[in-house]
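Here is a short report on one protein and its ligand. Look over the sequence and fold before reading on.

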Amino acid sequence: MEIPYIKMHGLGNSYIYLDLFQFEIEEDQLATLAQEVSNVNTGIGSDGLILIHPSEVAEVGMRIFNKDGSEGMSCGNGLRCTAKYAYEYGIVDRPNFKIETKAGIVEAEILVEEGKVNDITVNMGSPILNRSAIPMLGDDDKHVINERFAIGDRDLHVTAVSMGNPHAVYFVDDIEQAPLYDLGPIIEKDERFPEGVNVEFIEVLSENELNFRVWERGSGVTQACGTGACAAAVASILNNNARKNETITVHLLGGDLQIKWDENDQVWMTGGADIIATGVYQFHI
Ligand SMILES: N[C@@H](CCC[C@H](N)C(=O)O)C(=O)O
């Protein structure tokens, strides 16, 4: 079966995108397709699969599947890529529009300079902070801020934030020493997070600057995670390492994002998106 695709990335977080304004695909093929296309040796190579689809409640809809075939609720880098594609390929005809995700509807704004898409800003909505809504197990339903989180004999402290998808944020003194590969996969599947969790390590450089590394649920280490960068900025503010209403530059492996949590409880994300290739995939189902 031949499937037309677009490969795009946001700061190196790459996905294979299918434009379902052009064709349809069976629901029960999606998890397998995500696993296949993501494989760098036998597929195309990506962090997962994203569907750009017609929506009844927004100009565009987006669904994200991780490398392991699991479906995520939202994807910050995917939203900026979806917005760029929708604008450049004529799905929308104005630079401000809504995108439906499984976590709700967000608003994207394309910043055009000299006729070309420069950055994209997305209003990612309000962070979700109550423990049960992350979801995270525990005795109360308060916010999880710098809470003791032991793993074996390692004494960590976690701040938990949902941006529509769950994030566990840990502060470290030196980002180069962050235990990304040792603890990322263990925390991702820790039973205290019943739906699994994306794991972020953060080094605070100043009130306006963070270093960031991520182990993504369902995909492992990636170059960048947009919802993770939003969660990191929110966690920094909750821990008094940064301030609301100010722009925070998050340095990810693949580049920088600008994040602001404003006085109306909205989290804004600004950064780039790029089209890498278009082609036809031979689906082996
Ligand atoms: N890379 C993404 C997040 C993708 C989904 C995530 N792994 C999950 O399962 O929640 C981003 O840029 O936000």
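The report below covers the domains, the ligand shell and the nonpolar core.

## Two domains

This is a predicted model. The domain assignment splits the protein into domain 1 (2-123 + 272-282) and domain 2 (131-265). Their centres, taken over C-alpha atoms, are 24 Å apart.

Domain 1 puts 21 residues into the contact, and domain 2 puts in 20 residues. On the domain 1 side, H2 has the largest share, with 4 residues. That side is made up of 5 nonpolar, 12 polar and 4 charged residues.

## The ligand shell

Where does the ligand shell lie with respect to the domains? Domain 1 and domain 2 both give residues to it, so the shell lies between them.

The ligand has 19 residues around it. Those that come nearest are Gly-72, Asn-77, Asn-165, Gly-226 and Thr-227. Strand E4 (60-66), helix H2 (76-88) and helix H4 (226-238) each supply at least two shell residues. By class, the shell holds 14 polar, 3 nonpolar and 2 charged residues.

## The nonpolar core

The largest nonpolar core has 76 residues. Tyr-17, Ala-229, Cys-230, Ala-232, Ala-233 and Val-250 have the most contacts inside it. H4 gives the most to this core, 8 residues. Both domains give residues to the core, so it too lies between them.

Take Cys-230 as an example. Leaving out residues up to four places away in sequence, Cys-230 touches Gly-76, Met-124, Met-163, Ile-259, Val-267 and Met-269.

Note on methods. Residues numbered from 1 in each chain as written. Predicted model: local features only at pLDDT ≥ 70, side-chain atom pairs only at ≥ 80, totals over all residues. Near = placed C-beta within 6 Å. Nonpolar A, V, L, I, M, F, W, Y, C, P; charged D, E, K, R; others polar. Domains from an automatic or database assignment. Contact = placed C-beta atoms within 7 Å. Core = buried A, V, L, I, M, F, W, Y, C linked by C-beta atoms within 7 Å. Buried ≥ 20, exposed ≤ 12 C-beta atoms within 10 Å, placed from the backbone.
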